[in-house]
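User: Please take a close look at one part of this model for me, and then follow the trail from there to the rest. I work in computational chemistry, so give me the cut-offs as you go.

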Amino acid sequence: MLSPELSVVLLSFVVLGLDLVTRRKTAVWLTALIGLIIPTLLTFSLIYNTFGSHPRTAFYGMLVVDNYAIFFKLLFMAIGFGVILVSYQYVEKYLRATPGEYYSIILMSLAGMMLMGSTGELISVYISLELTSIPLYILAGLSRRDSRSAEAAVKYVLLGAMSSAILLYGMALLYGATGTTDLLEIAAATKNVLHTGNLLLLVAEVFIFAGFGFKISAVPFHMWAPDIYEGAPTPSTLFFSVGSKAAGFAALLRVFVFGGLTGANGTYLWVMVAIVAALTMTLGNVVAILQTNIKRMMAYSSIGQAGYLLVGFATLIIHNTVVGDEAMLAFLFVFVVTNIGAFTGVIALADATGKESIRDFDGFGRGSPLIAGGMALCLLALAGIPPMAGFLSKLFIFYAAWGQGSGMTLLVILGLVNSVISIVYYANIVYRMFVVEPAKREFFRIPGAVTATMAVSVVAILAITVVFGPLLTQAGIAAASLFGR
Amino acid sequence: MLLTFIVFFPALAGVIIALFPARLTKWIAAGASLVVFLASLWLYFGLLVKGSPNFGTVIDPQWYISAPWIDTTAGAFHFHVNYALGTDGLSMPMIILNGLLTFLAVISSWHIDKRIKLYMALLLILETGVMGVFATFDLFLFFFFWEIELIPMFLLIAIWGGARREYAAWKFLLYTLIGSAFTLAGIFLIYFETGGQEASFQHFAQTGINLVGSLPFFGTTVSLSLVIFLLLFAGFAVKIPMWPLHTWLPDAHTEAPTAVSVLLAGVLLKMGAYGLIRICLGFAPGGATQFAPWLGILAAINVLWGAMASMAQRDMKKMIAYSSVSHMGYVLLGVAAASAAGSVSMSFRQAALTGATLQMFTHGTITGMLFFSVGVLYEKAHTRDIDVFGGIGKRMPTLLLLFSVACFASLGLPGMSGFVAEYLVFTGSFATLPVVTILSAFGVVLTAGYFLWMIRRAFHGPLNMKWSWLTDATALEAFPLVALALVILFVGIYPAPIVDVLSPTVNQMLQHMSGVVH
């Protein structure tokens, strides 16, 4: 049952070792890339094993493999594939790190992320969180000649450690309130023994939410995101923005839903999440308009997207409905694909010009029309413009929220306002790429791996629009397995 | 199948354009848009060959195709979006209009060289979006297609436009997007209030009628139907455009290149009116009735304000833009009168609404022709300022003839389609909204005032020797003008075919409404 994660860890060691043996960077990269097929196949075999039966658990319930866990394992495989694919030339040109180190660290973190969705017990949540985060700290600082990268890494370590501490404190309080760390037993305790208004439980829930809030860059735990996104090397930023966020949500939903924390204190939790969602959306979108560095702008855009996801979380909490969970999972999936595409464009720009500010996108549409077109599609998908899948995922999250009740209606209206605000900075990039004439006309040579990643992202975004129904069904199955215990 | 082809083939052609060299682009675009136009004509003729044609109604559309696209149920929660396309009497003329104007727009863009591949690709993707809006029979799919046209139009204005193109493009984008956010809220509201099972037009046409009820609103109660109507209407009002949400239009129309102006005025504005009639009137008729008096007043303001602003302009294109605002007021007037309360004979309401829908079609052709004419002149003279011209009709007799035809059609000269539409609107509206009808009828005089005055100042009189080098319109330039002139004259002299398409749908819609209104 642990086979996918174990194979990823093994692959990471293999890649690291291969780097010592060979001088050919391509071999290392290809091994990492193709090696990911093995964990994917093992994950599919897990699907086969859990069909029709109740979720499998291991280690006295510390590890749970259900449809939800498998959904996230597959999502993280896709993330790993995308990140490794796009960073081929960037690693050589800008990182001056040996590629084997880079890929093996990514794979380590990936293993931790895959575990985050599969945890059944508080301590294993923490273990997988650390396994995810510590390689990310290293990844942030991997650009050795760049002082901003080192600064980003240090900030990340400090803030990450602090948030882990808060999370642990919340877990300790939860243990104190319920007498167990097993999520299923916590769920039973909150349903049967603890009552709404239990202060210890409430404080524990707030602390745990705060700890995870850092990972998903919710306001007011978002301050790390812009600086670290800007300072870290761009493929690492891509990995943070999609992987860390998806992992954070995976664990958040696991603890709150599977662990039944929404059973007690439902109204308080809902109000808190709704307020955080409103703040996150608004702050992310409004501040993004003012940015001049593309990576900072993408950081704030990710904060805004996390806000929409939290609207889905509020939908989930208010009446304990599956549909909120389903909407969040579908949105996460589309967000991952879209963000990979958008960051591929940023990497392409960095590859071509070595620069990172929004002004440097001027005339990019002339220099490399395919990449610029793909990036435009991805950015517009993030804004929620059809026919990209981002429109449907956003529509569904708002739609699910609206159907819940009066308070959620206001949140949806705020979300719609934010969608309009977000078009300002997304369309601004498209505008710069296609409308503004560049200072000098030049055609960029974009590396093949970057073009390939962009092509895959664009095809995926448009294809998901067509098959959005099946995606929702799969997300629904994954969500239901979190509830039906 | 035919509708799927009509809706998606332009976008496919746009993608294909990217793959071929630039010298083939215009031919591919022209060929594709011509094929789509002929296919849209077949929508009409294909039904005609069946003997007694039934052009469809909202309950029972023609050329119908419906396939489940998104179908998810989670507990008590449903989300069904069907890929549902169909035509009825209201949407068929619009689809044909879009096909015609896009084809003519491609022809009139023949002289453009700057980034022609991107230009034609965006034009064709725009056509797909608009075709989808007119052809869809599912509410969420409607909104899906509604948003597609935003970015192509934004880029078309921003890249190939005039001096203030960036300002105009951003204003257009943000204004329209804010309006459509309101429309989305309205769509959510109407969906959940009618049970939240499915979103097809047939479903809403049958259950939406029963949308009475009230919402608590800060202490007072507001009719639910009115709230839904207003939310949905906000987005459509920006597009129509209705005063006071019209301020994006003069900038966008003036700064856009000719072909884009034609599509903006000829087709995109009709999207708003179509949404008003189909969705607001069709699914929230109670709210429409309550709002009708106000809508009538706003329509009269549209007509008069637009006309007077038009009279003050020196830039020809801005004048035509404001006249667009003014003439869309007739559509609003017809809709307001048809839904207003009052015990009048149904035939008056039918006349008003038929006139409004006919005005949608005729206004598209007439304004299209006006913008094409100005485009020809601007292409040669590189200015649109009326006062610097004088007597250029001596150098450009063909353009003078065609421009005059367009102006006369616009002011409603009998024998041209504008007269038919305006006559129907005024006669029908006088029964329920007499005062605003009289005020709006004055718009006819004002239209004559500014257009004929413009023609006299620019084209007639002694030739200003500064312009003696001007050449007349070439055959390629005159082709769109002649084509539209023929359509205008045909509908003006023999409007029966198009009125026969519109009437059954309009009548059926009004009969459904009367269950709530009376």
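Analyst: Happy to. A:Ser217 sits in the loop that joins α10 (199-215) to α11 (224-231) of chain A; helices here are DSSP runs of H or I with at least four residues, strands are runs of E with at least two, and both are numbered from the N terminus. This is a predicted model, in which local features need pLDDT of at least 70 and side-chain atom pairs count only at pLDDT 80 or more, while totals for chains, interfaces and linings use all residues. Residues are numbered from 1 along each chain as its sequence is written, with chains lettered from A and ligands numbered from 1 in the order in which they are written.

Back to the loop. A:Ser217 is not a glycine, yet its phi is positive, at about 50 degrees. A:Ser217 counts as buried because it has 29 C-beta neighbours inside 10 Å. The rule is that a residue is buried with 20 or more other C-beta atoms within 10 Å of its own, exposed with 12 or fewer, and partly exposed in between, with C-beta atoms placed from the backbone.

Chain B has a residue with a similar story. B:Trp63 is not a glycine either, and has a positive phi of about 55 degrees. B:Trp63 belongs to strand β1 of chain B, and with 21 C-beta neighbours inside 10 Å it is buried.

That strand is half of a hairpin. β1(B) and β2(B) run antiparallel to each other and are joined by 10 bridges; strands pair if DSSP finds at least two bridges between them. B:Gln62 has B:Thr87 of β2(B) as its bridge partner, and B:Thr72 is bridged to B:Phe79 of β2(B). Two residues lie between the strands, and in this hairpin B:Gly75 takes a positive phi near 70 degrees.

The hairpin also takes part in the meeting of the two chains. There, 26 residues of chain B are in contact with 29 residues of chain A, contact being C-beta atoms, placed from the backbone, within 7 Å. On the side of chain B that touches chain A, at least two residues each come from β1 (62-74), β2 (77-87), α5 (139-148), α6 (150-160) and α7 (165-193) of chain B. The largest share, eight residues, is that of α7(B). By type, this side of chain B holds 21 nonpolar, three polar and two charged residues. Nonpolar here covers Ala, Val, Leu, Ile, Met, Phe, Trp, Tyr, Cys and Pro, charged covers Asp, Glu, Lys and Arg, and the others, Gly among them, are polar.

From chain A, helix α21(A) leads back to β1 of chain B. The buried residues of α21(A) pack against that strand as well as α4 (67-86), α12 (234-258), α15 (322-353), α18 (389-402) and α20 (448-466) of chain A. Among those buried residues are A:Phe468, A:Leu472, A:Gly476 and A:Leu482. The 16 residues of α21(A), 468-483, should span 22 Å at 1.5 Å a residue, and the end C-alpha atoms are 22 Å apart, so the two agree. The expected span is 1.5 Å times one less than the number of residues.

Elsewhere in chain A, A:Leu95 lies in helix α5, residues 88-95, and is buried with 22 C-beta neighbours inside 10 Å. Beyond its neighbours within four places in sequence, A:Leu95 is in contact with A:Tyr90, A:Tyr102, A:Leu142, A:Ser143 and A:Pro233.

One more loop of chain B deserves a visit. B:Pro241 lies between α9 (224-239) and α10 (248-255) of chain B, and the peptide bond leading to it from B:Ile240 is cis, with omega near -10 degrees. B:Pro244 is in this loop between α9 and α10 too, and the bond from B:Trp243 to B:Pro244 is cis, with omega near 0 degrees. B:Met242, also in the loop between α9 and α10, is buried, with 25 other C-beta atoms within 10 Å. Not counting residues up to four places away in sequence, B:Met242 touches B:Ala237, B:Leu298, B:Asn302 and B:Leu332.

Lastly, a word on confidence, where pLDDT is the predictor's confidence in each residue, from 0 to 100. Chain A has a mean pLDDT of 87, with 98% of its residues at 70 or more. Among the elements of chain A, strand β1 (residues 56-58) has the lowest mean, 75, and helix α7 (residues 122-140) the highest, 92.

Definitions and conventions. Contact = placed C-beta atoms within 7 Å.
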